[in-house]
Amino acid sequence: MYNSIGVAEFYQASKKEKLPIIDVREKEEYARGHVPNAINMPLSSLSENYQELDKDTDYYLVCQTGGRSATASRFLAEQGYDVTNVMGGTSAYQGALEK
């Protein structure tokens, strides 16, 4: 089981502290603009790379609208990770995106 958070609440939390954020969109999408401090780990290769993540960290997963990050959240939760899906994704993010 994984947690979910609305993009407005996520935005406020990200302004208060540096959150561990994973953007699961493809590299080209990530390069066009991403949430500040997010690392890119595309859903398409997540099953090959997820072991690089720290099981002691609670990650926030984001994509464009929340669908792919929900899929990634489900997968990572099944592997024993603590994750939170950001509903609404970068398309609803209230702050400026980094490039």
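A residue counts as buried under 20% relative accessible area, as exposed over 50%, and as partly exposed in between. Keep that in mind as you click around this predicted model.

**Stop 1: the acidic patch.** Select D54, D56, D58 and D82, and you have a negative surface patch on screen. Now keep just D82, which belongs to strand β5, residues 82–87. Is D82 exposed, partly exposed or buried? Its relative accessibility is 47%, so D82 counts as partly exposed.

**Stop 2: the core.** Next, go for the largest nonpolar core, a set of 14 residues. Try selecting I22, L53, L61, L76 and V83, the ones with the most contacts inside this core. Which elements give two or more residues to the core? Color β4 (58–62) and α4 (67–78) to see them. Of the two, α4 deserves a second look: the largest share of the core, three residues, comes from α4. As background, nonpolar side chains tend to be buried together in soluble globular proteins.

**Stop 3: C63.** Stay around those elements and pick C63, found in the loop between β4 and α4. C63 counts as buried because its relative accessibility is 1%. Then draw a C-alpha to C-alpha distance from C63 to K16: the two are 21 Å apart in space and 47 residues apart in sequence.

**Stop 4: V24.** Finish in another loop, the one between β2 (21–23) and α2 (27–32), where you'll find V24. With 1% relative accessibility, V24 counts as buried. Add L46 to your selection: V24 and L46 are 22 residues apart in sequence, with their C-alpha atoms 8.0 Å apart in space.

Definitions and conventions: Residues are numbered from 1 along each chain as its sequence is written. This is a predicted model: local features need pLDDT of at least 70, side-chain atom pairs count only at pLDDT 80 or more; totals for chains, interfaces and linings use all residues. Side-chain values use heavy atoms; hydrogens and water are left out. Patches are made of residues with over 30% relative accessible area and no salt bridge: like charges are joined within 9 Å, nonpolar side chains (Val, Leu, Ile, Met, Phe, Trp, Tyr) within 5 Å. Accessible areas come from the Shrake-Rupley method with a 1.4 Å probe; for residues, only the protein chains shown count as cover. A salt bridge is a side-chain nitrogen of Lys or Arg within 4 Å of a carboxyl oxygen of Asp or Glu. Lys and Arg count as positive and Asp and Glu as negative; His and the chain ends are not counted. The place of a charge is taken as NZ of Lys, CZ of Arg, CG of Asp or CD of Glu. Helices (H or I, at least four residues) and strands (E, at least two) are DSSP runs, numbered from the N terminus. Buried means under 20% relative accessible area, exposed over 50%, partly exposed in between (1.4 Å probe, protein chains only). A nonpolar core is a set of buried Ala, Val, Leu, Ile, Met, Phe, Trp, Tyr and Cys residues joined through side-chain atoms within 4.5 Å.
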